[in-house]
Structures are given as structure tokens and as C-alpha cells.
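The following exercises concern strand pairing, backbone angles and solvent exposure. Please work through each task before reading its solution.

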Amino acid sequence: MPTEKKAQARRPRSLKPAPAAEACGTCDGSGETTTTVRVGRKRREIGATQSGLCPTCLGAGSA
């Protein structure tokens, strides 16, 4: 009578820590940038600013 083989128990996989994401240098990790509003044909600047997505990280905050 042949002996039955035991099923091998699986060892749990050790989780490696995720690498820390670097903060974007353009938006300092906020995901938004501000630009001065320009108007007119000569593109003069007025006293207002507008915010939008960071073009480097696309709003994620990490580069």
C-alpha cells in the first residue's frame, strides 16, 4: 500500500513596503497650479489668478 503525499502548506508572502512617491516639484504635491490671468490683445496681466491641474503630474500630486 503506497503512502499518500501530504499537501504542502503555502507560506504567506511577505509584503514589501511600497516605495514612497516623490512630491511633484511644480505643484508641491497639491495637484493644482495657479497662473495669472491675462486679457486683451497685448496680453496684459490683471490682478486675478486661476487654478488648474498641474501639467507635470496631472493632478495626482506625485511625479
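**Exercise 1: Exposure of a glycine**

At 87% relative accessibility, Gly47 counts as exposed, in a model that is predicted. Task: determine in which strand Gly47 lies and what separates its C-alpha atom from that of Thr36.

Solution.
1. Gly47 belongs to strand β2, which covers residues 44–53.
2. The cut-off for exposed is over 50% relative accessible area, so the value of 87% places Gly47 in that class.
3. Thr36 and Gly47 are eleven residues apart along the chain, with 7.6 Å between their C-alpha atoms.

**Exercise 2: The pairing of β1 and β2**

Task: state in which sense β1 and β2 pair, and over how many bridges.

Solution.
1. The two strands, β1 and β2, run antiparallel and are joined by seven bridges.
2. Within this pairing, Thr36 has Thr49 of β2 as its bridge partner.
3. β1 and β2 make up a hairpin, with four residues between them.
4. In the turn, Gly40 has a positive phi of about 85°.

**Exercise 3: Positive phi outside glycine**

Task: locate Asp28 and Arg43 relative to the strands, and give the phi of each.

Solution.
1. Arg43 sits in the loop between β1 and β2; its phi is positive, near 55°, although the residue is not glycine.
2. Asp28 is in the segment before β1 (32–39), and this non-glycine residue also has a positive phi, near 60°.
3. Is Asp28 buried or exposed? Its relative accessibility is 67%, so Asp28 counts as exposed.

Note on methods: Residues numbered from 1 in each chain as written. Predicted model: local features only at pLDDT ≥ 70, side-chain atom pairs only at ≥ 80, totals over all residues. Heavy atoms only, no water. Buried < 20%, exposed > 50% of the residue type's maximum accessible area, 1.4 Å probe, protein only. Pairing = 2+ DSSP bridges.
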